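The following exercises guide the reader through one protein chain. Please attempt each task before reading its solution.

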Amino acid sequence: MPEAVFDDDCAEAPSAWGVRRLRPLTQIGRAALDVVLPPLCLSCQTRITAHDALCPACWRQINFIRPPLCDRMGLPMPFDIGGPMLSAAAIADPPDFDRARAVARFDGLMRELIHAFKFHDSHNARRLFGRWLVEAGQEILKDADLLVAVPLARWRLISRRFNQAQILAIETGKQAHKPVRPFALVRTRATAHQIGLTRAQRSRNVAGAFRVPPSELPAVSGKAIVLIDDVVTSGATASAAAAVLKRAGARRVDVLALAIVSDAHS
Ligand SMILES: [Zn+2]
């Protein structure tokens with residue numbers, strides 16, 4: 001039986017029939033919306049030509065991560081040798097995930113957009129972030145069987161009302177036509193914020209923080225998984241989550257995030 005595609009709107013797998021049937025309606029809806037609400041930049045509210053986008057001035061403020069990249073950590077490398085490259089950090093201290101990719105550096109406007117998304121879910125930001133994730137994750141998504149989100153600790157879920165990594169995973173799955181298992185990985189305990197901790201402290205902080213529930217084991221076993229997170233700070237959380245998925249039988253685990261703290265692996 002094929003994996004269920006988790007859809008946040010209807011909680012059902014959209015059939016090919018359903019997608020074909022809905023598309024013209026969506027287009028009509030969009031055209032009507034343009035008359036009532038002209039498209040505005042998600043950051044500065046300037047009028048623009050397309051929905052769910054940034055104006056050129058805001059777009060230029062995002063520090064998009066561009067190749068050449070360290071194949072493992074996904075961080076930019078100073079030069080291109082014309083094939084897969086590994087950074088010194090990836091060689092010295094390899095993480096438990098196979099490859100990581102991120103849309104942009106976690107600074108300036110990107111930080112503001114993610115912060116706003118954490119506290120006020122917006123459909124427009126969700127669609128833009130989904131497009132960015134699909135583009136940045138092209139290479140790893142094409143090999144993926146399944147998308148899984150990095151779960152938040154319960155107390156953080158309550159304070160933020162929803163888990164933004166789950167929302168991003170669902171949106172990315174929808175846009176990349178990949179199945180999502182939103183509950184394949186759960187937190188076993190709350191962890192302290194990673195900011196300000198040393199590498200060793202970060203690893204200790206997240207050790208044993210995740211598990212795969214027994215009911216999810218058949219879905220995870222033998223699969224190539226892309227783990228979705230909003231921000232990768234140290235790589236320790238993603239690495240701990242990847243280790244748990246691999247122990248549960250995952251064939252490979254790649255990481256796809258909206259942003260990465262640029263000195264995360266130094
Ligand atoms: Zn703008």
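Helices, of type H or I with at least four residues, and strands, of type E with at least two, are DSSP runs numbered from the N terminus. The model is predicted.

**Exercise 1. Determine how many helices and strands the protein chain has, and how confident the prediction is.**

Step 1. The protein chain contains 11 helices and 6 strands.

Step 2. Its mean pLDDT is 83, and 77% of the residues reach 70 or more. Over residues 1-22, however, the pLDDT is below 50, and this stretch has 19 contacts in the model beyond near neighbours in sequence.

Step 3. Of the 266 residues in the protein chain, 38% are buried.

**Exercise 2. Establish the order of the strands in the open sheet and identify its edge strands.**

Step 1. The open sheet consists of 4 strands in the order β1-β6-β5-β2, with parallel pairing.

Step 2. β1 (100-105) and β2 (146-149) each pair on one side only, and they are the edge strands. From one strand to the next, the twist averages 20°.

Step 3. β1 and β6 (residues 252-260) run parallel and are joined by 5 bridges. Opposite Arg-101 stands Leu-256 in β6.

**Exercise 3. Describe how helices α4 and α5 lie against the sheet, and list the buried residues of α5.**

Step 1. Helix α4 (residues 108-119) lies across β1, β5 (224-232) and β6, at about 105° to β6.

Step 2. Helix α5 (residues 123-136) packs on the sheet, where it touches β1 and β6; its direction and that of β1 make about 130°.

Step 3. The buried residues of α5 are Ala-125, Arg-126, Leu-128, Phe-129, Gly-130, Trp-132, Leu-133, Val-134 and Ala-136. Their cover includes β1, α4, α6 (138-141), α8 (164-176) and β6.

**Exercise 4. Locate the cis peptide bond from Pro-67 to Pro-68, and classify Asp-52 and His-177 as buried, partly exposed or exposed.**

Step 1. Most residues other than glycine have a negative phi, and most peptide bonds are trans.

Step 2. The bond from Pro-67 to Pro-68 is cis, with omega near 5°. Pro-68 lies in the loop between α2 (56-59) and α3 (88-92).

Step 3. Asp-52 is not a glycine, yet has a positive phi of about 55°. This residue lies in the loop between α1 (16-36) and α2. Asp-52 counts as partly exposed because it has 17 C-beta neighbours inside 10 Å.

Step 4. His-177, also not a glycine, has a positive phi of about 55°; the loop between α8 and β3 (186-187) contains His-177. His-177 counts as exposed because it has 11 C-beta neighbours inside 10 Å.

Key
Residues are numbered from 1 along each chain as its sequence is written. This is a predicted model: local features need pLDDT of at least 70, side-chain atom pairs count only at pLDDT 80 or more; totals for chains, interfaces and linings use all residues. Two strands pair if DSSP finds at least two bridges between them. Axes are lines fitted to C-alpha atoms, for helices over the stretch in contact, and angles run from 0 to 180 degrees between N-to-C directions. Two residues are in contact if their C-beta atoms, placed from the backbone, lie within 7 Å. A residue is buried if 20 or more other C-beta atoms lie within 10 Å of its own, exposed if 12 or fewer, and partly exposed in between; C-beta atoms are placed from the backbone. pLDDT is the predictor's confidence in each residue, from 0 to 100.
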